[in-house]
Amino acid sequence: MSAHDTKSPIDPRRAAHALASVPNVGRPVAHESADAHVTGAALYTDDLALRSKNALACWPVCAPHAHAWLDHLDVTPALSVPGVVRVLTAKDVPGTNDTGPSRLDEPLFPRAAEGEGADPRPEILFHAMPVAWVIGESEEAAKLGAAAVIARYTPRPPVLAITDAIASKSFHLEGMKIRRGEPEHALERAPHRLEGSFEMGGQEHFYLEAHASFVYVDEAGSIFVHCSTQHPTETQDVVARVLGVAKNEVVVQQLRMGGGFGGKETQANPFACVAAIAAVLTKRRVRVRLDRMRDMQLSGKRHPFHAAWKAGFDETGKLLALDVQLTSDGGHSLDLSLPVLGRALFHIDNAYYLPNVEVRGRVARTNKISNTAFRGFGGPQGMHVIEEVMDRIARTLGLRPEVVRTLNLYRKGQTTHYEQEVVHAERLERAFSELRASSAFEQRRAEIDAFNATSPHTKRGLALTPVKFGISFTAKYYNQAGSLVLVYKDGSVQVSHGGTEMGQGLFTKIRAIAADGLGVPTSAVRVMPTRTDKVPNTSATAASAGTDLNGAAVKNACDTIRARLAELAASVLSKPGSDCTADELVFRDGLVVSSKDASRVITFAELVDRAYHERIQLSANGFYKTPDIHYDPVAGRGRPFYYYAFGAAVAEVEVDGFTGMYTTRRVDLLHDVGDSISPMIDIGQIEGAFAQGAGWLTQEELVWDRDGMLRTSNASTYKLPSLGECPPIFNTTLLREARADGVVHGSKAVGEPPFMLAFAVREALKDAVASFGAPGGVVDLASPATAEAVYWSIESRRARG
Amino acid sequence: MSAITFELDGAPVRAENVDPNTTLLHWLRANAKTGTKEGCAEGECGACAIAWRANGPDGSARWEVVNSCLVLMPSVHGRELLTSEGLASRAEGTLHPVQRCLADGGGSQCGYCTPGFVVSLFGEMYRAREGAFDPESIAGNLCRCTGYRPIREAAEKLAVIRDKSRGAPDPFRDRLATPVAPLEASEHTITIGETTRSFARPSTLLDAVAILAREPSRTIVNGGTDVTVEVNQRHKRHDGYLSLEGVRELGQFEDRDDALVIGAGISLAQIEERLHVHAHGPTALGRALPMLGELLPLFSSRLIRTRATFGGNLGTASPIGDGPPALLALDAELVLASHDANTNAITRRIVPLSTYFLGYRKTARAPHELIEAVRIPKPYASLQRFYKVSKRRLDDISSVAGAFAIDRGPDGRVTRARLAFGGVAAVPLRLTEIEQRLLGTRLAASEIEPLAIAASQLVTPIDDHRASARYRKAMVVSLLRKLAFDTTSPSASHGVSP
């Protein structure tokens, strides 16, 4: 097709229509893959593997101890199992036997400790640690082979509980601290003081798609890795390290994930490495996919935390001083525990002004799976502490918790404990007051009081909680993104960027940004699978920053192309004596129109074709780095976050005093997403994050036994929220007038912040429990607040009369 | 060697060389039908849901939705299956209304659970004839992304669409015009190395007991929702299966003068339909047996209940199964059938359920015997209560379940009591001593209190990941207190489960 035969007169009404049309950014549209999801046509990593005939399967041989020496390993019996192709052990690793993303402390296969006098036997560091992987013609063969491998161990006493790690000084790191003011002095002088300690549980990601990788080697010996990873670049790095090859020998592709939630930020790497080693050694296509139990046993989770705190406050409930010691359970290796802990320290304030504060953090080393990123990334654990403190202050003083929370909210101009100004702090109070009104908070308070007065065994509770969450990777260098936008001669577009799609709607937003960036309909834009050979050196799709970073990088590339095209269009649309300038041109809906004269119009496709013939480049790289962020970890001062996202939640629950079982009757959420790029996507993120947060705080309970074995390692023992937990009344609203200047299209990140709206459920449970027994006084409720925990909480109220 | 033949998304399939330990889910995915997903492989998440044509209690056909991870391949022989991949009209390139609603309403995020939700909603669209969609239809599907609100709203919208489109051409509805022919007897055998594996699916009870008499070591599949979990989770591989899904006699459901007889092979979902009609409430039978009406919605998800049977639940004899306490409280009896080689006939014996459980997963059933039916004798107790304590309200395994059946005289005093608990000992437990002490009381809180304390001293629960032993003991007390409160207090609240 050439420019000359595409030329046809454009209906002026179409040009006028395009000028008046609404941009794609801001439109409520469904997920860009929704039709493929519902028909089963959407493919995930293991689907690709299964559709590729004759891929080999792998299955791990898992150690039955949390801490042990591996005395003896004999894989030969597996080799005689029909269908077994090979067994991988430590000696098959061509490069470095380590997949650690932060330190080289994560052996892919067990290895001996280093250092003089160290025992030469390989160490088992956590229960189910794979000592070998069996490669078979089928998964059945690999499983049978794995069962035939002989391994002998000498068990050693494991460190399992955080409190045991503290007692035995077993830490990965210590000494992280943020301090402001004079907390000791302020505590001493405070009219009221409280202190306490508690633990909060971890959380399994339970992405519906378990870890999966599919690897093959091309004719030049290069490695092609399909992987369910949130961080293709790191997967590329780690595969290259383990294979001992340069990074340019490895390409990682990520089509889509069946959920990530942080669980595939670093955790996919070992499985990609196993498949890669197997593919290299067998010269076959190899898939690794975990079943649910293996996935839960072999991949890290949200960090459980222990918190010891002291708070000083006045009679109005104003917090004057806070001292907190946080200890996270890092598991056997460091992984992302350092930045997770950092974010917990940063978010110890949640949305409350802390005039005098010291918060210290350390990471315990235990013989458990290495804990990792999970939506909120330490933020929820930090905020758990302050929400617990707020409730205790209120109940100690006989005040309503929402009164104390409101009193302590950040006000305009105040700074955090690391002295970053809370820009738009006034949105917190606004969110509170708008939500109080829309949820009929006061009226329901009265109704609940009346209900509780006449109901001896069933009590209701209500709570209002805020969220303030900092957006940016706290590792500054991660705050960069690249893109590659390709315009083809027919005007159709391919967009590549460094972000990965895990259901959060990133690609839907990217498509809208690219479509508007070039002025074409979304149907003309294909967002391509994420590949490390399209955009290199990318950051993990994490920290809620996927759209902020990649969206800006895509917009940057589109702007470049558009500027080139605008110049050409201006000359094409100029008439003798009447110039058309590039800046009067509007790119919209597949047309390029002069805003001054709608008869000056050309289709995008025709313009592109002309540009090609004029030898104008039709592709561009884009780049973005977040400006104005810095942090000094020694001083504990700086601006680690580009901005804050805000939100507020009201939840109402009903508790059965006989059993501790409860239901959530109604939830109202109000959340700040700036100017939403994709409202349906954003509301989906808010509601989904809330549900996941409620799961963490209520029914999702990880139970390890005395031997360090995870007893809740499948769906029948680890209970995610189901439809039954979805409140019958569930209202979600986006905060109005919330434009975020300096962020792509004025939007805000949304992935993580609403997770912490779920504190309203826990606080409402406490509110209901407080109605059992004699009035007044604090509520002790373990976390997660399972039915059993709520029951014991009620019992402790009853016991005090 | 035998082939398994069935229809999949409108096309005939002939599956050869299939190990009977292969699940339908595994087979589908291994054969590039990857639209059906594995999320848990134990029937908890519903990502693998598929529909097949089956007859309802009234004998008319419907699209029944089951977890394909809990179906062994030979079970699909002769069936007609649909997956999410077969619902969109290929000819017109249009999505099925279920797909359209879910997609447009924000019902999918990562999309991995979505095909399962699609199939569950599809089944409901053709099952219910009117009224709102029963939320139970998607209670066995887990979604980790959405928080369920948009999926629930899609379901609500679909009910309206279904009602509006009544009479419009619909190939899936047309297909339901003819009832499904009974499953034919079949035996699937395969030789792997030196092992021969067999899956027998007889169609008569006589054949079933005869097979079992010859080969008592065969693993009995009566719904299979437990057996297949062992296959998937613990990699159990059985050489011989005896599947009861085709045995006509086990599908009986008879309301006799002296007892209700429930065939051991009838699915819990179909029992439930006889007790309760969605949007209409309990039937006469449901009002007479509220114990079962309260039990069944709490007994796993409908996806499981569509396959699970009382025969299976009592056969595996799990101490935390929810069927046994309810049936114990109802004084149920089991009809055990076996083969008489001399006459080539069925012999039967009746075993009271109260003497059936001998120890942890040990029962009075001999290896050559099959559970034919559960008999619930009449008259039923006038007061029946089933309480379940679990971490998650729906679709969870009990920490403790309590089932209480009580009769009172005209003076309000207890004349007969049955108290049964699950989850508090190695076997489902009846507390006969407490039952005796309950006689003559009016179930007043003050009367119950010492009995509740005494009851908690009779149980021997364990600590595990579901609950502590201490909590389980406390629940024995609590559920009896709750019984007293619910039956004597006019203001008793039913707002919160259990």
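User: What makes E22(A) and E23(A) count as paired strands, and in which sense do they pair?

Analyst: This is a predicted model. In it, E22(A) and E23(A) are joined by three bridges in the antiparallel sense. Pairing requires at least two bridges, so the two strands count as paired. One of the bridge partners is Thr603(A) in E23(A), which sits opposite Leu591(A).

User: How do you know that E21(A) also pairs with E22(A)?

Analyst: Strand E21 (residues 585–588) and strand E22 (residues 591–594) of chain A run antiparallel and are joined by four bridges. The cut-off is at least two, so this is a pair as well. Val586(A) has Val593(A) in E22(A) as its bridge partner. The hairpin of E21(A) and E22(A) has two residues between the strands, and Asp589(A) takes a positive phi near 60° there.

User: Why is the sheet E21-E22-E23 of chain A called open?

Analyst: The three strands follow one another in the order E21-E22-E23, with antiparallel pairing. E21 and strand E23 (601–603) of chain A each have a single partner strand, so each has one side without a neighbour in the sheet. On average, neighbouring strands here are turned by 20° against each other, direction ignored.

User: Which helices lie across E21, E22 and E23 of chain A?

Analyst: Helix H2 (residues 12–20) of chain A is one of them, running at about 90° to E22(A). H18(A) is another, at about 120° to E21(A).

User: What makes E17(A) and E18(A) a pair?

Analyst: Strand E17 (residues 480–487) and strand E18 (residues 493–497) of chain A share five bridges in the antiparallel sense. With at least two required, they are therefore paired. Val493(A) in E18(A) is the bridge partner of Val487(A).

User: Which strands are at the edges of the sheet E19-E18-E17-E24 in chain A?

Analyst: That open sheet has four strands and mixed pairing. Its edge strands are strand E19 (525–527) and strand E24 (619–625) of chain A, each pairing on one side only. Helix H17 (residues 506–518) of chain A lies across E17, E18 and E19 of chain A, at about 145° to E19(A). H18(A) lies across E17, E18 and E24 of chain A, at about 40° to E17(A).

User: How do you know that Ala276(A), a residue of the largest nonpolar core, is buried?

Analyst: Ala276(A) is among the residues with the most contacts inside that core, which has 411 residues. Only buried residues enter a nonpolar core, so Ala276(A) has 20 or more other C-beta atoms within 10 Å of its own. Beyond four places in sequence, Ala276(A) touches Val215(A), Ile223(A), Val225(A), Val239(A), Val242(A) and Leu243(A).

User: Which element of domain 3 gives the most to the side that touches domain 4 in chain A?

Analyst: In chain A, 32 residues of domain 3 are in contact with 34 residues of domain 4. H13(A) gives the most to the domain 3 side, with nine residues. That side divides into ten nonpolar, eleven polar and eleven charged residues.

User: How many residues of chain B are in contact with chain A, and which element gives the most?

Analyst: 73 residues of chain B are in contact with 69 residues of chain A. H16(B) gives the most to the chain B side, with eight residues. By class, that side has 33 nonpolar, 24 polar and 16 charged residues.

Notes:
Residues are numbered from 1 along each chain as its sequence is written. Chains are lettered from A and ligands numbered from 1 in the order in which they are written. This is a predicted model: local features need pLDDT of at least 70, side-chain atom pairs count only at pLDDT 80 or more; totals for chains, interfaces and linings use all residues. Two residues are in contact if their C-beta atoms, placed from the backbone, lie within 7 Å. Ala, Val, Leu, Ile, Met, Phe, Trp, Tyr, Cys and Pro count as nonpolar, Asp, Glu, Lys and Arg as charged, and the others, Gly among them, as polar. A nonpolar core is a set of buried Ala, Val, Leu, Ile, Met, Phe, Trp, Tyr and Cys residues joined through C-beta atoms within 7 Å. A residue is buried if 20 or more other C-beta atoms lie within 10 Å of its own, exposed if 12 or fewer, and partly exposed in between; C-beta atoms are placed from the backbone. Axes are lines fitted to C-alpha atoms, for helices over the stretch in contact, and angles run from 0 to 180 degrees between N-to-C directions.
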